[in-house]
Amino acid sequence: MLAARTSARRAAAHRAAQRSQRAVARLPALFLLANSYHDTHEYGCHSPPAPKPGPYEGGAAQANASLLLLANAYRRYGHLSSNLDPLGLRKQEHVEELAAGTYGLTEDSAEFSTKGIVAPATGLPPTASLREIIAALQSIYCEKISYEFEHIESLAVRRWFSDYVESLKQQALPERSRRHHELLVKSEGIEQFLQKKLPSTKRYGLEGSESVVVLLDQLMYEGAQHGLADVVASLSHRGRINILTTLFGYPLDVAMRKIRGGSEFPDKSPHTGDMLVDLSGISTLSIPDVDMPIEVEIAANACHLETGTPVGMGKSRARDIGIARAKSNDRHAIGDHVLPISVHGDSGFSGQGIVAESLGMSGLAHFNNGGTIHVVLNNQIGYTTPASHTRTTRYASDIAKFANVPVIHVNGEDPEDAARAARIAVAYRQEFRRDVVIDLWTFRKRGHNELDEPSFTQPAMYRTIAARPSIPAAYEERLIAAGKLTRDEAEAVRCQWARALDAAFEGSASCSPAEPRRPHAWSLLGAPGDRPTEGATGVDVDTLFDIGVQSVAAGEGLRVHPRIERFHIRPRLKRLEEGRGIDWATAEALAFGSLLREGHGVRLCGQDVGRGTFSQRHAMFVCQDTERVYVPLNHMAPGDGARRPGARPQGKLEVVNSNLCEEAVVGFEYGMATEDPFTLPIWEAQFGDFFNNSQTLIDAYVASGETKWGRQNGLVLLLPHGFDGGGPDHSSSRIERHLQLSNDPASGHAQTMPNIHVAYPTTPAQFFHLLRRQQKRNFRRPLIVAGPKTLLRLASATSSLSEMGPGTRFQPVLDDPTIHDPLAVKRVMLVSGKAYYDLEKTRSEHPLGAHVAIVRIEELAPFPRGELYSVLEQYANATDFVWVQEEPRNAGAYAFAAPRIQQQLPPHAELRYVGRPEHAAVCSGVDAHQAAEQAQLVQNAFEGLRGLVADLVIGSISIQKPAPSPSHQHKQQHQQQKPDKPIPAALHPASVSHRWAAGRSIYAATQPGDR
Ligand SMILES: Cc1ncc(C[n+]2csc(CCOP(=O)(O)OP(=O)(O)O)c2C)c(N)n1
């Protein structure tokens, strides 16, 4: 009955797919839709339409062409003549282009019409003298705030910018000077307090740059005026502790506890914490003059400068989309809900390539977050290196210009100017949903840290700094002089803050930090410390069939490339029909599709992932007539589960063909992964080894983020791996490096909190389960997969649908399925990944093949001790255990796996190595050499079998029982838990052992001690 229903459903699904393909063939190109995949709001890329310039009011300007040239020169070059340096060391320049005479204009020229020359709201009358016009342009473009926007291609954007800033002077900004004053007092106060109490602590203080606190506060204020109640900020080290406590609500007592050497986590927390200058957190702020609470997350970041930039950008994108989803905001445009802010140092911003990478992708579909506001905290020095040596360019911010990003330069001397810069930046961001940079010029009062002596290297600069009042003090005096504040009021603010600091210092000795708050969606998963749970990941076979068919169903009117039809669609349908021969790409599609059906999202990102590096995936079809992009899995009919009460709506597959970049992209994906646990986040390297361009992100975020910061992430790194003639730099995903990141203890004790999974699966079904397991458990953990290349099309590397069916799950160790008599096995080959298929082929043709078991370790970290033990114990007569790998000995999994395997072997057995010797390059770049090496290593793996098999007979004659070695005791305990199982002979030292000759192993029957 069931079988009949199943086959009827299969037939129906198949017919539907065929119908849709026939429909495609019939449809004339005329009916085809425009390409909308990349900019639909469901992927958060619904941006406002490209700006168009308004009508040109140039009638009068044409009459005054010289005057227009002058006005435009101010827009382009005004910044060169502006007053940006609070130290006064950088002098305002004389700029030829800003001289009226350059355009033949003289002081006594007649009155000019200002229409079409400057923005109407400049405050200039309709006609004005040259002197008045120049004065207005000077005050707009050449004072303590100036701009660079003339490099932007769009005339509409340039015109918007000049109109906005030319009108701003006339706008009465909301009076917030008391708020600015309070923040400056706090910012200065905490530095002075810490300098007095803990003078030997390196805090990388904010003195000299306090106005950044005002700037950030004003950004949030301005954002709130646009309805932005969420902020995701990434900060640099400079003044971080100051900014966190004075502005972002980080508990003062916890900060003091940390400064005094304590942890930012509760006492028994498993998290190890981070440096003082990398603290992070989530808080809800109540900001004066803002009538809604603001949710702020300071994203966790590593000390590696600027690596937090793309992380924050990714996080804010995921949060923005998440909020829109939660609010069922169908008209959501990216950036509607979240204000992303990124604070940088001047040397870091200009020096670190990841900044350019991040800016370069900021405007791309699938990476857009609605615009990040970048603040360059430009204290004009990096460590001991002056600005003149940190960059070739004039400004620290210059790198932003290549990405069409406008720059607002502002002198940090006057916090009111900083606030003004914030207003412009937020207005721009809201108008165009693009990044913008504020270059805030400040200084650094002390050394790089408080223990450094800055005058060793910058004596003149530091004489100037010592001679000037602090920025907060100077501002206070100005406010008092202007009658906006009394001395008593200023003193009251100071005293109140001093009391708070004293109390926090006292309290820091006994305070107990709370577990860090988690982004909202994470509360649906297990809390830290909860028991990890995970179950079977198999899926009903009919459902898989249905998903598989739909994964290649082209949309109406879409003409698929005939070769895709022939080599991808038809074979997939045929294999699904047969229920076997399922290849990797199909298994992957089944994993994706089943997760989507269950309400998870999937984001697949990397270079050319839509088609797949090896032209295997075709997750997106491109219409051959219109180039319309179509992702079949996003058009699946809902499954039965969708009808269940409370079922989540079907998820979406976001296929992200990224720009040619690894570091910032991995950072971005990590940021998204830490925000949204219900989207499977995958980054695929074009070839496995290209991951190492993003090594910092993998070391310091993906692999260690949970340990340091208590923030989980389930990022999957798919790294094509395998020695198949691709050359030294296309062959290895450097498994050894990922294994080195694993916290799996070599001691053999199970790790309660593994930090990453590293897998090298050999079948599509295993890959399917690995992907599904990521989402189907109550926690999230990174997964690094050494992925297939040649295996993608290897007929023997396929699976049946039933291997993905109900009750099935990922197997960390795959026993040899061909062994009928385990006691006949003399040699156990242990292998991970692709080499299995070479060995298996040789073994199947070898006359003594029945005496060799090939055991696959599919998951290397955490190391599957128990599973391996259970497999090995069957091979009671095996005396020869060989690790076989195609990587050189100084690479691959050998160094990691060998000691862990050794613990599972009989006491006198020693794991042998067969593989390439140590080598500097991954492998030979000469195809013939590489192929010969590969053949040789397989041959080596089968050497000496004859002698071993002879041992089988001798070994069965005499078996002695030795005293258990300490390393073997836990195995015996393991045995004791299963009293009815006979102790296998292989666990006792056989009377047979190996003898090693120079450089080569020889196998012979020997007595113990004869080695
Ligand atoms: C990738 C990286 N390289 C080097 C360092 C060491 N380092 C820490 S701060 C710093 C100077 C940073 O200067 P800048 O970006 O101008 O920030 P500032 O300290 O002046 O605020 C350096 C070189 C680092 N943390 N990360």
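Two strands pair if DSSP finds at least two bridges between them. Helices (H or I, at least four residues) and strands (E, at least two) are DSSP runs, numbered from the N terminus. The model is predicted: local features need pLDDT of at least 70, side-chain atom pairs count only at pLDDT 80 or more, and totals for chains, interfaces and linings use all residues. Residues are numbered from 1 along each chain as its sequence is written, and side-chain values use heavy atoms, with hydrogens and water left out.

**Exercise 1. Find the neighbours of strand 18 and say whether its residues are buried or exposed.**

Step 1. Take strand 20 (residues 783-787). Strand 18 pairs with strand 20 in the parallel sense, over five bridges. Within strand 20, Ile784 is the bridge partner of Leu717.

Step 2. Take strand 17 (residues 679-684). Its pairing with strand 18 is also parallel, over three bridges. Glu684 has Leu718 of strand 18 as its bridge partner.

Step 3. Check the side chains. Val716, Leu718 and Pro720 point one way, Leu717 and Leu719 the other, and all are buried. Buried means under 20% relative accessible area, exposed over 50%, partly exposed in between (1.4 Å probe, protein chains only).

Step 4. Conclude. Five of the five residues of strand 18 (residues 716-720) are buried, so the strand is largely enclosed by the rest of the structure.

**Exercise 2. Place His721 and list what it touches.**

Step 1. His721 sits in the loop between strand 18 and helix 24 (735-741).

Step 2. Its relative accessible area is 1%, so His721 is buried.

Step 3. Use contact (heavy atoms within 4.5 Å). Leave out residues up to four places away in sequence. His721 then touches Ser731, Ser732, Ser733, Arg734, Ile735, Tyr760, Ala786, Gly787, Lys789 and Glu887.

**Exercise 3. Describe the largest pocket: how much space lies in it, and which element gives the largest share of its lining?**

Step 1. Apply the pocket rule. On a 1 Å grid over the protein atoms alone, a pocket is an open set of points where a 1.4 Å probe fits, with protein on both sides within 12 Å along at least five of seven lines; lining residues have an atom within 4 Å of a point. Points are joined across faces, edges and corners, and a volume is the space filled by probe spheres set on them.

Step 2. The largest pocket holds about 1,400 Å³. It is lined by 44 residues, and closest to its centre are Ile321, Gly322, Arg325, Ala326 and Asp676.

Step 3. Two or more lining residues come from each of helix 10 (308-326), strand 13 (601-606), strand 16 (653-657), helix 21 (663-675) and strand 17. Helix 10 gives the largest share, eight residues.

**Exercise 4. Order the sheet that holds strands 25 and 26, then locate Pro888.**

Step 1. The order is 21-23-22-25-26, an open sheet of five strands with mixed pairing. Strand 21 (813-814) and strand 26 (911-916) are the edges, each pairing on one side only.

Step 2. Strand 25 (residues 880-888) and strand 26 run parallel, joined by five bridges. Pro888 lies in strand 25, and its bridge partner in strand 26 is Arg916.

Step 3. Pro888 is buried, with a relative accessible area of 2%. Leaving aside neighbours within four places in sequence, its contacts include Phe723, Tyr913 and Val922. The C-alpha atoms of Pro888 and Ala920 are separated by 8.7 Å, though the two residues are 32 residues apart along the chain.
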